[in-house]
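I sat down today with a new model and a fresh page. Here are my notes on what I looked up, in the order I went.

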Amino acid sequence: MYHFGYERADIVEGKGQFAIRGAIIDIFTVDGDFPFRIELFGDVIDSIRTFDVVSQRSIDILKEIKISYIKEGYIIKESIDNAIKKLKKICDKDEISPTLRNNLLQDIEKIENGILENLLDKYFGLFVDKSETLLDYVSDYTIFFDEVSKSVQKAHNLVYENTEQIKSLVSREYIYPSFVNSYISIEEVLAKSEKYTNIYLENLTFDTKIHEKRQVISYNTKELNFYQRRIRSLTYRYYKAKAKSNFTYFSNYKKSRTNKKLFNR
């Protein structure tokens with residue numbers, strides 16, 4: 001369960017937790033409405049039930065359940081074993097300094113014990129053979145880009161900060177640079193998105209290089225307030241705006257308020 005990103009607790013009180021008490025395993029998945037209670041008879045599952053967190057009473061009997069991942073990335077055992085072998089080979093090299101060798105051996109021990117927190121980025125090149133994005137798994141979608149010019153600038157800043165941090169860690173012999181996570185550039189992401197229908201939303205000004213050869217449509221909107229979970233305020237404003245027909249529909253581009261620009265490829 002640790003590898004799936006779940007946290008062990010004495011009693012399951014929220015999503016992402018699991019508890020083990022004798023032959024009973026409680027687990028609250030991130031996509032479930034209620035936690036599950038699995039009762040074992042030896043190595044065999046005797047029953048699976050949903051239960052109430054507060055009263056701890058059973059609700060429904062189930063035949064099977066699906067346990068989803070919580071972590072952003074999940075590393076299979078084969079990849080972990082390969083990473084350990086490669087790290088041990090590096091430690092055997094004569095040119096490795098005592099400080100770097102000691103840091104690598106400590107990381108190997110953590111990986112062998114299943115402690116991968118803060119190590120995925122550090123050894124990304126060992127765990128993952130090929131970097132991919134969400135765009136590699138979708139097709140026939142319309143993608144909305146909000147303030148893409150700002151996203152490009154932010155991506156460049158992150159790459160710069162990451163590069164400087166890596167230089168610092170390498171100089172302190174804390175990491176082995178060949179295996180550190182290298183980001184997919186924002187330019188690669190935008191290039192991959194070109195095979196889909198893209199709609200770019202920009203405030204007033206825009207980057208002519210990014211949006212060249214695209215149809216530019218200006219329209220008006222009204223910026224929403226930041227509601228901070230105040231659902232009543234949000235629904236009140238929604239019905240008030242609906243009554244006045246202050247909505248923008250991309251199919252016929254009806255007008256609303258405030259200046260924005262819509263870029264449609």
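I call a residue buried when its relative accessible area is under 20%. A reminder to myself: this is a predicted model.

Entry one, helix H2. Which residues of H2 are buried? I found Leu100, Asn103, Leu104, Asp107, Ile108 and Ile111. Their arc around the axis is only 145°, which puts them on the same side of H2. The general rule helps here: an α-helix has 3.6 residues a turn, so residues three or four places apart point the same way.

Entry two, the cover and the length. I looked for what lies over those buried residues of H2, and the cover includes helix H1 (77-91) and helix H3 (124-127). I also checked the span of H2, residues 98-112: at 1.5 Å a residue its 15 residues should span 21 Å, and the end C-alpha atoms are 21 Å apart, which agrees. After H2 comes Gly114, with a positive phi near 80°.

Entry three, the cores. The largest nonpolar core has 18 residues, and those touching the most other members are Leu87, Leu104, Ile111, Tyr123, Phe127, Tyr176 and Phe179. H1, H2 and H3 are the elements that give two or more residues to this core. H1 supplies the largest share, six residues. Another core, of 10 residues, lies apart from it and includes Val152, Ala155, Ile186 and Tyr196.

Entry four, one residue up close. What does Ile111 contact, leaving aside neighbours within four places in sequence? My list for Ile111 reads Ile80, Ile84, Leu87, Leu116, Leu119, Tyr123 and Phe127.

Definitions and conventions. Residues are numbered from 1 along each chain as its sequence is written. This is a predicted model: local features need pLDDT of at least 70, side-chain atom pairs count only at pLDDT 80 or more; totals for chains, interfaces and linings use all residues. Side-chain values use heavy atoms; hydrogens and water are left out. Helices (H or I, at least four residues) and strands (E, at least two) are DSSP runs, numbered from the N terminus. The expected span of a helix is 1.5 Å times one less than its number of residues. Buried means under 20% relative accessible area, exposed over 50%, partly exposed in between (1.4 Å probe, protein chains only). The arc is that of the directions from the helix axis to the C-beta atoms. Contact means heavy atoms within 4.5 Å. A nonpolar core is a set of buried Ala, Val, Leu, Ile, Met, Phe, Trp, Tyr and Cys residues joined through side-chain atoms within 4.5 Å.
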